[in-house]
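Okay, thanks for making time, everyone. Let me put the model up and walk you through a few spots in it.

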Amino acid sequence: MEQNAIYLESVKKQFLYYKLLGEKAINQLAEEQLFLALNDDTNSIALIVKHLSGNMLSRWTDFLTTDGEKDFRNRDAEFENNWNTKDEVMAHWDKGWNCFLNALESLQPEQLNTIIYIRNEGHTVMEAINRQLAHYPYHIGQIVFSAKQLKNGDWESLSIPKNKSQSYNSAKFAQEKKRQHFTDEETNRLKNQ
């Protein structure tokens, strides 16, 4: 049971870290840039947010008792833009993340082996979380990549900046060894950026 509690705490920190990465990327852009697609085969950041929010609301609303593909979800519409402002984008971002994070927060370690369904396919709760731990950062990566392209060189790095690995590693190895989650320092750094 203790391992399940450690797992839950770890994934919560990882999701919060990726949420923060997405927000920091979005906040570097002008409002109109959120609605630009890099080409015909890509989605704008606004559409990626719309898809993430739609997925989160569908998967994590009443997730222990209802299928993760809800009747209210129209996945195809998630890729049609009907938003005009950054406020709309961020309101949906927050709505999706709040639904998901509240669902994670409500979990007890002993529930990780409970079977839930997504499109009638049984998953343990842990498998469903892992599925999203791959899915959500995939799309956050798209947001960060698109934002970097749209900023065209005027980008404030969200990770170790180019040609700074040696100084970053020197600073890390100058510290005493300690046990902490790998996101702790990075999350604090991003919050203070």
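I'll go through a cavity, then a histidine, then a helix.

Quick housekeeping: this is a predicted model, where local features need pLDDT of at least 70 and side-chain atom pairs count only at pLDDT 80 or more, while totals for chains, interfaces and linings use all residues. Numbering runs from 1 along each chain as its sequence is written, and side-chain values use heavy atoms, with hydrogens and water left out.

So, the cavity. There's one of 30 Å³ or more, and the largest holds about 30 Å³ of space. By cavity I mean points on a 1 Å grid over the protein atoms alone where a 1.4 Å probe fits but cannot get out, with lining residues having an atom within 4 Å of a point; the volume is the space filled by probe spheres set on those points, which are joined across faces, edges and corners. Its lining is R59, W60, F63, I116, I118, A128 and Q132.

Now H123, which sits in strand β2, residues 121-124; strands here are DSSP E runs of at least two residues, helices H or I runs of at least four, numbered from the N terminus. Is H123 buried or exposed? Buried, because its relative accessibility is 10%, and the cut-off for buried is under 20% (1.4 Å probe, protein chains only). Its side chain makes a 2.8 Å polar contact with that of R131, meaning N or O atoms within 3.5 Å, one able to donate a hydrogen and the other to accept it, and sequence neighbours count only if both atoms are side-chain atoms.

Last, helix α6, residues 184-191: E186, T187 and L190 are buried there. They're on the same side of α6 because they cover an arc of only 100° around the axis, taken from the directions from the helix axis to the C-beta atoms.

Definitions and conventions: On a 1 Å grid over the protein atoms alone, a cavity is a set of points where a 1.4 Å probe fits but cannot get out, and a pocket is an open set with protein on both sides within 12 Å along at least five of seven lines; lining residues have an atom within 4 Å of a point. Buried means under 20% relative accessible area, exposed over 50%, partly exposed in between (1.4 Å probe, protein chains only).
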